[in-house]
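Reader: Hi! Could you walk me through this one?

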Amino acid sequence: MGATRNGRGQGVDAGTAARELLHVVMLVMRTVAADMRRSPGSLAPAQMGTLMKVSMAPCTMSALARHLAVSLPTVSKSVDMLVRRGWLERWVDKHDRRLTLVRLTAKGRRVLARIKKRTQNHVQQSLSGLTAPEREQLVTVTRMLSRVLVTPGEAEF
């Protein structure tokens, strides 16, 4: 497979592992994004990321922009759309009027739960062809990736 061995004569180098992981991540994102576009109330992956981040706790617009790695105007436009749909609400902090915060509405929590369930079902169907040992291996690897990829100080989704 062209993998570079580590110095001990076994294993794959980190560059090869990174390429393989990114390839799979892109395949998963493409599958999930296509499913989200087909669902009622079509949602872009970035908007799903917004809903998931805000579902953990209310946050400022600037923290949301940093989390999504986008500009403040970009996140503001996305939040505007989600507010119009009734999924998010925005308010100005009482103690620091420079801060605008966002949180999920009750409708937003219901919509997010439906989207997550639909997406999980879609991915579950895709994984149904794996054997039980392969699924166990997949869970082990994804838990390991979660451990090494989570940003320190941030909760996982």
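Author: Happy to; here are the pocket, the sheet and the ring contacts. This is a predicted model, where local features need pLDDT of at least 70, side-chain atom pairs count only at pLDDT 80 or more, and totals for chains, interfaces and linings use all residues. Residues are numbered from 1 along each chain as its sequence is written, and side-chain values use heavy atoms, with hydrogens and water left out.

Reader: How much space lies in the largest pocket?

Author: About 2400 Å³, counted as the space filled by probe spheres set on grid points joined across faces, edges and corners. A pocket here is an open set of points on a 1 Å grid over the protein atoms alone, where a 1.4 Å probe fits, with protein on both sides within 12 Å along at least five of seven lines.

Reader: And which residues are closest to its centre?

Author: Val-25, Val-28, Met-29, Thr-142 and Ser-146, out of 45 that line the pocket (an atom within 4 Å of a point). Helices H1 (14–38), H2 (45–56), H5 (106–127) and H6 (132–149) each give two or more residues to that lining; helices are DSSP runs of H or I, at least four residues, and strands are runs of E, at least two.

Reader: Switching topic, what is the strand order in the open sheet?

Author: S1-S3-S2, with antiparallel pairing; a pair needs at least two DSSP bridges. S1 (59–60) and S2 (88–92) are the edge strands with a single partner each, so one side of each has no neighbour in the sheet.

Reader: How many bridges join S2 to S3?

Author: 5, with S3 covering residues 100–104. Leu-88 stands opposite Leu-104 there.

Reader: Which residue lies over the face of Trp-91?

Author: Arg-103, at 4.0 Å from the ring centre (the rule is NZ of Lys or CZ of Arg within 6 Å of the centre and within 35 degrees of the ring normal).
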